[in-house]
Every structure is written in C-alpha cells, then in structure tokens.
Amino acid sequence: MKTLIAILGFTAMLSAADGAAMFQKCAACHGAKGEKAALGKSEVIAGWSSAKTLDALKGYKAGTRNTKGMGAIMKGQTATLSDGDMKSLADYVAGMK
C-alpha cells in the first residue's frame, strides 16, 4: 500500500513538472502565472479549473473553439499536445492563483 501511495505521489510530481515545463511556451502570451490577457484579447487563465482549461485546450486543438478570435493561434499551439499533455497543462494552470 505504501508503495502504491509513493508511486501515485511521484506520478503527480512528474505531471506537475511536465505541466510547468509545457507552460513555458504559454507564458509569452499568458504571463508567467497566467495573469495576462493573451494579446490583450483572451481571459486571464489563472484560477481556471482543470476541467475548464482542459475543455478549452481540446476545443482549440479540434478547431471548434475560437474565443475572441484566438482559435487559429491556439490551434497551432495545441496541435502537438497529447491528451496527457493537455491534462498535465490543465492541472498546472488550475494550481495558479
């Protein structure tokens, strides 16, 4: 049981580290802590729930989301993200305050 808890904790740490590393490419527009409206258009993403961020990322990747004209830019940004990448990124954003 202790081993399982340790593995789950280690996996969560790796996920957070991956999310932080992936967010570096987002920070240019969204700010280091998600505090900026990207290109002066988007919502501030700091404080978004993981589910809201994941839904947005999936929508941008699929080309079905175009909030405030950001669809084409965000489609390009999300094109190479796997489902796991998007989940890690969403969890990281959810931790921003």
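# Briefing on a four-helix chain

Gly 71 is buried, with a relative accessible area of 8%, where buried means under 20% relative accessible area, exposed means over 50% and partly exposed lies in between, for a 1.4 Å probe and protein chains only. This is a predicted model, in which local features need pLDDT of at least 70 and side-chain atom pairs count only at pLDDT 80 or more, whereas totals for chains, interfaces and linings use all residues. Residues are numbered from 1 along each chain as its sequence is written, and side-chain values use heavy atoms, with hydrogens and water left out. The chain has 4 helices and 0 strands, these being DSSP runs numbered from the N terminus (H or I over at least four residues for a helix, E over at least two for a strand).

**Overall architecture**

- Read along the sequence, the pattern of the chain is α-α-α-α, and buried residues account for 31% of its 97 residues.
- Of the contacts (heavy atoms within 4.5 Å) that link residues at least 6 apart in sequence, 50% join residues at least 24 apart.

**Helix 2 and the residue that follows it**

- Helix 2 covers residues 50-62, and its 13 residues should span 18 Å at 1.5 Å a residue, which agrees with the 18 Å between its end C-alpha atoms; the expected span is taken as 1.5 Å times one less than the number of residues.
- The buried residues in this helix are Ser 50, Thr 53, Leu 54, Ala 56, Leu 57, Gly 59 and Tyr 60, and what covers them includes helix 3 (71-78) and helix 4 (83-94).
- Just after helix 2, Gly 63 adopts a positive phi of about 80°.

**Surroundings of Gly 71**

- Gly 71 belongs to helix 3, and its contacts, leaving aside neighbours within four places in sequence, are with Tyr 60, Arg 65 and Asn 66; of these partners, Tyr 60 is one of the buried residues of helix 2.
- Between Gly 71 and Lys 61 the separation is 10 residues in sequence and 8.8 Å in space, taken from C-alpha to C-alpha.

**The nonpolar core**

- The largest nonpolar core, meaning a set of buried Ala, Val, Leu, Ile, Met, Phe, Trp, Tyr and Cys residues joined through side-chain atoms within 4.5 Å, contains 19 residues, and Phe 23 and Leu 89 have the most contacts inside it.
- Helix 1 (2-30), helix 2 and helix 4 are the elements that give two or more residues to this core.
- Once neighbours within four places in sequence are left aside, Leu 89 is in contact with Gly 19, Met 22, Phe 23, Cys 26, Leu 57 and Leu 81.

**The aromatic pair**

- The structure holds 1 aromatic pair, for which the ring centres of Phe, Tyr or Trp (its six-membered ring) must lie within 6.5 Å, with planes under 30 degrees apart counting as stacked, over 60 as edge-to-face and the rest as tilted.
- The partners are Phe 23 and Tyr 92, whose ring centres are 5.7 Å apart and whose planes stand at 45°, so the pair is tilted.
- Phe 23 lies in helix 1 and Tyr 92 in helix 4, so the pair ties together parts that are 69 residues apart in sequence.
- The two partners also have their own accessibilities: Phe 23 is buried at 1% relative accessible area, whereas Tyr 92 is partly exposed at 26%.

**Salt bridges**

- The structure holds 2 salt bridges, each defined by a side-chain nitrogen of Lys or Arg within 4 Å of a carboxyl oxygen of Asp or Glu.
- One of them joins Lys 52 to Glu 43, with the closest N and O atoms 3.6 Å apart; Lys 52 is partly exposed with a relative accessible area of 39%, and Glu 43 is partly exposed at 36%.
- Asp 91 and Lys 87 also meet through their side chains in a salt bridge, at 2.8 Å from N to O, and because these residues are 4 apart in helix 4, about one helical turn separates them.
- Asp 91 is partly exposed at 32% relative accessibility, and Lys 87 is likewise partly exposed, at 38%.

**Cysteines**

- A search of the whole structure finds 0 disulfides, a disulfide being a pair of cysteine sulfur atoms within 2.5 Å.
- Cys 26 is in no disulfide, and the nearest cysteine sulfur to its own, that of Cys 29, lies 8.7 Å away; Cys 29 is in no disulfide either.
- Cys 26 is buried, with a relative accessible area of 19%, while Cys 29 is partly exposed at 34%.
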